[in-house]
Structures are given as C-alpha cells and as structure tokens.
Amino acid sequence: MLRKQNNGILFRKIMHVVHHSQMPVTHRHIQHGDTSVLLHCIAVACLSMRFAQILEKMGMTVRTDELVRGALLHDYFLYDWHEKDPSHALHGFTHPIRALRNANKQFCLSERERDIISRHMFPLTFHPPRYIESILVCIADKICSLYETFTRGTYQRLRKQMIPLVLIHR
C-alpha cells in the first residue's frame with residue numbers, strides 16, 4: 001500500500017495532468033484487454049511509486065514528482081492503436097515519440113520526464129532508460145501490461161475510486 005504522503009503526491013499529479021491536458025480522452029481508448037489508456041497510466045504510476053518506496057527504504061533517492069508525471073504521460077499518444085490505420089502499424093515502436101511530442105505541447109518536461117516517456121518501451125526500442133525513474137516506469141509498464149493482457153476487470157479499486165474523480169474534476 002502506498003503511504004498517505006505518496007498517495008497525496010500521486011493524486012495531485014494526476015489532477016494536474018488531467019486539468020492541463022487531454023488525458024481524460026485516453027479513458028475512451030483501450031490499452032490492453034479491457035483496461036483504458038488512462039487507467040493503465042494511473043496503474044503504472046502507482047506501481048512505480050511502490051517501487052520508489054522500496055528503493056527509498058534502501059537509501060536511494062527517487063524524484064517522485066518526475067516519476068509520477070512521466071508515468072502518467074508515458075502513453076499520451078492520443079489515438080486508439082487498435083483501429084485499422086496505417087499510422088498505427090508500428091505502434092509499439094513509435095508511440096513513445098508520439099507521446100513525448102504530445103506531452104511537450106502541454107507541459108514543460110524535465111530531462112527525466114522526457115527520458116521516462118521516450119524510453120519506456122525498452123528493449124523493444126533500442127535506447128535504454130538513463131535514470132532510475134525511467135527504469136522504474138519501464139519495469140512497471142511491463143508488469144501492468146502483462147496483467148492487463150491476461151486479466152479482465154483489472155484495478156477495481158482504481159476504477160471505482162480514481163477514475164470517477166479524474167473524469168468529474170475535468
């Protein structure tokens with residue numbers, strides 16, 4: 001379970017991203033299984049924060065603000081990649097750059113946040129993450145993606161508690 005302090009950071013970051021972007025639109029697009037892109041990004045942010053907690057207990061420093069915002073924007077590509085469209089053919093390889101382009105239009109991103117977004121698909125894309133925050137999101141993304149692909153009705157607590165708040169407060 002996330003500490004209350006980290007829950008607060010996560011909630012504030014989610015609300016900031018939602019209020020300053022087109023993120024609510026991503027709830028209409030399916031990422032894996034029956035999980036929307038919005039729900040997937042929130043889940044990746046939550047899991048990344050859990051990993052950060054473990055590393056912080058071991059004495060490592062993790063920039064949690066950048067970790068969370070990068071995790072929330074890592075799949076900010078703003079289209080349904082399941083639609084038959086030639087521009088979606090290489091989605092796995094190209095969506096990190098599209099997400100980065102979209103995020104850069106709406107936010108002043110740090111170097112770490114740009115790295116998180118552009119390198120989260122390693123090793124499918126050839127550039128490895130450079131920062132601990134990027135590595136955490138890359139790993140969390142793989143775990144969440146596998147879970148979503150093989151499970152239906154994922155993240156029930158997030159679906160019931162977080163998604164309505166995010167969509168209502170738009």
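In the predicted model, the side chain of S21 reaches the backbone nitrogen of M23 at 3.1 Å. The same side chain also comes to 2.4 Å from the backbone oxygen of V17. S21 is found in the loop that runs between α1 (4-19) and β1 (30-32). Its relative accessibility is 4%, so S21 counts as buried, the limit for that class being under 20%.

The packing of helix α2 was examined next. Two packed helices are described by the angle between their axes and by the distance between those axes. For helix α2 (residues 37-57) and helix α7 (residues 156-168), the axes come within 11 Å and cross at roughly 115°. The two helices are therefore roughly perpendicular to each other, and their crossing is right-handed. On the α2 side the contact is made by L38, L39, I42, A43 and C46, and on the α7 side by L158, R159, M162, I163, V166 and L167. Sorted by class, the residues of this contact comprise 10 nonpolar, no polar and one charged.

Helix α2 also packs against helix α6 (residues 132-150), at an angle of about 130° and with the axes 8 Å apart. This angle makes α2 oblique to α6. The crossing of α2 and α6 is right-handed. From α2, the residues H40, A43, V44, L47, S48, F51, A52 and L55 take part in the contact. They meet I132, L136, V137, I139, A140, D141, I143, C144, S145 and E148 of α6. By class, this contact holds 13 nonpolar, three polar and two charged residues. An α-helix has 3.6 residues a turn, so residues three or four places apart point the same way.

A140 lies in helix α6 and is buried, with a relative accessible area of 0%. When residues up to four places away in sequence are not counted, A140 touches V44, L47, S48 and F51. These four residues are listed among the α2 residues that meet α6. By contrast, A140 and D85 are 55 residues apart in sequence, and their C-alpha atoms lie 28 Å apart in space.

Buried residues are also found in helix α5 (residues 111-119), where R112, E113, D115, I116, I117 and R119 are buried. What covers the buried residues of α5 includes α3 (64-73), α4 (91-106) and α6.

D75 lies in the loop between α3 and α4. With a relative accessible area of 2%, D75 is buried. Its side chain is joined to that of H74 by a polar contact of 3.0 Å, and to that of H95 by a polar contact of 2.9 Å. With residues up to four places away in sequence left out, D75 touches Q31, V37, H40, C41, H95, A99, H120 and D141. Of these residues, H40 and D141 also appear in the contact of α2 with α6, H40 on the α2 side and D141 on the α6 side. D75 and L38 are 37 residues apart along the chain, and their C-alpha atoms are separated by 8.6 Å. L38 is one of the α2 residues in the contact with α7.

Technical notes: Residues are numbered from 1 along each chain as its sequence is written. This is a predicted model: local features need pLDDT of at least 70, side-chain atom pairs count only at pLDDT 80 or more; totals for chains, interfaces and linings use all residues. Side-chain values use heavy atoms; hydrogens and water are left out. Buried means under 20% relative accessible area, exposed over 50%, partly exposed in between (1.4 Å probe, protein chains only). A polar contact is a pair of N or O atoms within 3.5 Å; within protein, one must be able to donate a hydrogen and the other to accept it, and residues adjacent in sequence count only if both atoms are side-chain atoms. Axes are lines fitted to C-alpha atoms, for helices over the stretch in contact, and angles run from 0 to 180 degrees between N-to-C directions. Angles under 35 degrees count as roughly parallel, over 145 as roughly antiparallel, 65 to 115 as roughly perpendicular and the rest as oblique. A crossing is left-handed if the near helix is turned anticlockwise from the far one by less than a right angle, and right-handed if clockwise. Contact means heavy atoms within 4.5 Å. Ala, Val, Leu, Ile, Met, Phe, Trp, Tyr, Cys and Pro count as nonpolar, Asp, Glu, Lys and Arg as charged, and the others, Gly among them, as polar.
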